[in-house]
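Visitor: Can you walk me through this one? I'm new to reading structures.
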Amino acid sequence: MIVSIVKKFIAFMMAAMATFAVVGAAEAADPVRTSNVSDHQLALKGYDAVAYFDAGAPTAGKSRFTLKHKGVEYRFVNATNRDKFAKNPSRYEPQYGGFCAFGASVGLKLEVDPEAFEIVDDKLYLNNSHDIHNIWLENPDGRIKAANKNWRKIKNTPATKLEALPFEG
């Protein structure tokens, strides 16, 4: 039991350190990122937000099917998905600005692996890695509750200024 907890903590810390290096570089150019986007304002690393729901799987979007929403570019596999998103973006947008749901549950803005995802109560949650996603899945309701509470506090704070909070789920 203790070995399992230690392994999970080490995996989390390794992911957090790697993420701070990436996010830290971006923070130098943009002190507060409320959306997890590339340097080119690309959401979900180019994955189709609608496909997570309709296909049940992460699917890379195509550059010819794009839509700008709130200054962020989304890509889609086809015009149908683009049009669905345009009609109801809040239905398909990832939670926490596209930052890691596990990270938000402990007060951090972490990068994501678009393939480490979960749909819960018709909302898209992304995580930093498959290992972090598995930890998140141990208590998704508690993680979502904590992340919702923390997101209000961390949304407008640069990632480099955040410190991990104890999980209260």
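Guide: One term to start: two strands pair if DSSP finds at least two bridges between them. Keep in mind that this is a predicted model.

Visitor: Okay, how many bridges join strand E1 to E2?
Guide: There are 5 bridges between E1 (residues 62-69) and E2, and the two strands run antiparallel. One of the pairings puts Thr-66 opposite Arg-75, its bridge partner in E2.

Visitor: And what sits between the strands of that hairpin?
Guide: The hairpin has 2 residues between E1 and E2, and Lys-70 takes a positive phi near 55° there.

Visitor: Why is E2 largely enclosed?
Guide: Strand E2 covers residues 72-76, and 4 of its 5 residues are buried, so the rest of the structure largely encloses it. Buried here means under 20% relative accessible area.

Visitor: Switching to helices. Which residues of H6 are buried?
Guide: In H6 (residues 130-137), the buried ones are Ile-132, His-133, Ile-135 and Trp-136. Looking down the axis of H6, these fall within an arc of 160°, so they line one face of the helix.

Visitor: What caps the N-terminal end of H6?
Guide: Ser-129 does, with a side-chain oxygen 3.4 Å from the backbone nitrogen of Asp-131.

Visitor: Last topic, pockets. How much space lies in the largest one?
Guide: About 360 Å³. Its lining is made of 19 residues, and those nearest the centre are Ser-35, Lys-70, Glu-93, Pro-94 and Gly-97.

Visitor: So Lys-70 turns up again. What classes make up the lining?
Guide: By class, the lining has 8 nonpolar, 8 polar and 3 charged residues. Lys-70 is in the hairpin of E1 and E2, and it also lies among the residues nearest the pocket's centre.

Conventions. Residues numbered from 1 in each chain as written. Predicted model: local features only at pLDDT ≥ 70, side-chain atom pairs only at ≥ 80, totals over all residues. Heavy atoms only, no water. 1 Å grid on protein atoms, 1.4 Å probe; cavity = no way out; pocket = protein on both sides within 12 Å on 5 of 7 lines; lining within 4 Å. Points joined across faces, edges and corners; volume = space filled by probe spheres on them. Nonpolar A, V, L, I, M, F, W, Y, C, P; charged D, E, K, R; others polar. Buried < 20%, exposed > 50% of the residue type's maximum accessible area, 1.4 Å probe, protein only. Helix = DSSP H or I, 4+ residues; strand = E, 2+ residues; numbered from the N terminus. Arc of directions from axis to C-beta. Polar contact = N/O pair within 3.5 Å; in protein donor to acceptor, adjacent residues only side chain to side chain.
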